Amino acid sequence: MATVLIVEDNERNMRLMRLLLRPLGYELLEAVDGTEALATLAGTTPDIILVDIQLPDVDGLEITRRLRKEPRFATTPIVALTAYAMPGDREMFLRAGCTGYVAKPIDTRSFPDIIASYLHAGAPPSMPEGTATE
Ligand code: MN
């Protein structure tokens, strides 16, 4: 089953995501700030990373930019978690290397499906096998 790293400093949000994902069989890794996230990622490559934008130390976009420089994270879905999705934010997240974002408060009904769809879609650019590029 897929391994999910959740980077989230808010314990309520962390608990909610844990409650939603763990029963589905995901193996969960948790980090409460950027330092812990990068330390965890030094030793493991999860199948998907959910990263809060507002963290106590480094912001989620900076974490994403750093990870995208590493070949082993080139295609890992990285999904931003944000409480403040403003017009233009999506573009900002994508420019930083995020695959997409989930708005908080988390919608408990759709969240598991959203995570599953990111897992199956992978990070852009993702092409079905056999599709010509250019
Ligand atoms: Mn936060």
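# Close-up views of helix packing, the manganese site and selected residues

**Helices α2 and α3 are roughly parallel to each other, because their axes cross at roughly 20°, and an angle under 35 degrees counts as roughly parallel.** The structure shown in this and the following views is a predicted model. Helix α2 covers residues 34-43 and helix α3 covers residues 60-68, and their axes come within 10 Å. The crossing of α2 past α3 is right-handed. On the α2 side the contact involves Gly34, Leu38 and Leu41, which meet Ile63, Arg66 and Leu67 of α3. Sorted by class, this contact between α2 and α3 comprises four nonpolar residues, one polar residue and one charged residue. Gly is counted among the polar residues and Arg among the charged ones.

**Leu41 of helix α2 is a buried residue.** The relative accessibility of Leu41 is 3%, and the limit for a buried residue is under 20%. Apart from neighbours within four places in sequence, Leu41 contacts Leu5, Pro46, Ile49, Leu67, Arg72 and Phe73. One of these partners, Leu67, belongs to the α3 side of the contact between α2 and α3. Ala31 precedes or follows Leu41 at a separation of ten residues in sequence, and the C-alpha atoms of Leu41 and Ala31 are 9.9 Å apart.

**Thr3 lies in strand β1 and is buried.** Strand β1 spans residues 3-7. The relative accessibility of Thr3 is 13%, which is why Thr3 counts as buried. With residues up to four places away in sequence set aside, the contacts of Thr3 are Glu27, Leu29, Pro46, Asp47 and Ile48. Pro46 is also listed among the contacts of Leu41.

**Asp9, Asp52 and Gln54 supply the protein donors of the manganese ion.** Asp9 and Asp52 each contribute through OD, whereas Gln54 contributes through O. These donors lie 2.0 to 2.1 Å from the manganese ion. Along the sequence, the spacing of the donor residues is D-x42-D-x1-Q. Two of the donor residues fall into opposite accessibility classes: Asp52 is buried, with a relative accessible area of 3%, whereas Gln54 is exposed, at 52% relative accessibility. The value for Gln54 places this residue in the exposed class because that class begins over 50%.

**Helices α1 and α5 are roughly perpendicular to each other.** Helix α1 comprises residues 11-21 and helix α5 comprises residues 111-121. The two helices pack at an angle of about 75°, and their axes are 10 Å apart. This angle falls in the range of 65 to 115 degrees, and therefore α1 and α5 are described as roughly perpendicular. Met17, Leu20 and Leu21 of α1 form the contact with Phe111, Pro112 and Ile115 of α5. By class, the contact of α1 with α5 holds six nonpolar residues, with no polar and no charged residues.

**Leu19 of helix α1 is exposed.** The relative accessibility of Leu19 is 60%, so Leu19 is assigned to the exposed class. Leu19 and Thr108 are separated by 89 residues in sequence, and the distance between their C-alpha atoms is 9.7 Å.

**The peptide bond from Lys104 to Pro105 is cis.** The omega angle of this bond is near 0°. Pro105 is located in the loop that connects strand β5, residues 100-103, with helix α5.

**Helices α3 and α4 pack at an angle of about 35°.** The axes of α3 and α4 are 8 Å apart. Helix α3 contributes Leu61, Thr64, Arg65 and Arg68 to the contact, and helix α4 contributes Met92, Phe93 and Ala96. The classes represented in the contact of α3 with α4 are four nonpolar, one polar and two charged residues.

**Cys98, in the loop between helix α4 and strand β5, is buried.** Helix α4 comprises residues 89-96. The relative accessible area of Cys98 is 2%. Beyond neighbours within four places in sequence, Cys98 is in contact with Leu61, Thr64, Ile78, Ala80 and Phe93. Among these partners, Leu61 and Thr64 of α3 and Phe93 of α4 also take part in the contact between the two helices. Val79 is 19 residues from Cys98 along the chain, and their C-alpha atoms are separated by 5.7 Å.

Note on methods. Residues numbered from 1 in each chain as written. Predicted model: local features only at pLDDT ≥ 70, side-chain atom pairs only at ≥ 80, totals over all residues. Heavy atoms only, no water. Helix = DSSP H or I, 4+ residues; strand = E, 2+ residues; numbered from the N terminus. Buried < 20%, exposed > 50% of the residue type's maximum accessible area, 1.4 Å probe, protein only. Contact = heavy atoms within 4.5 Å. Axes fitted to C-alpha atoms, helices over the stretch in contact; angles between N-to-C directions. Parallel < 35°, antiparallel > 145°, perpendicular 65-115°, else oblique. Left-handed = near helix turned anticlockwise from the far one by under 90°. Donors = N, O, S within 2.8 Å, 3.2 Å for Na, K, Ca; no water.
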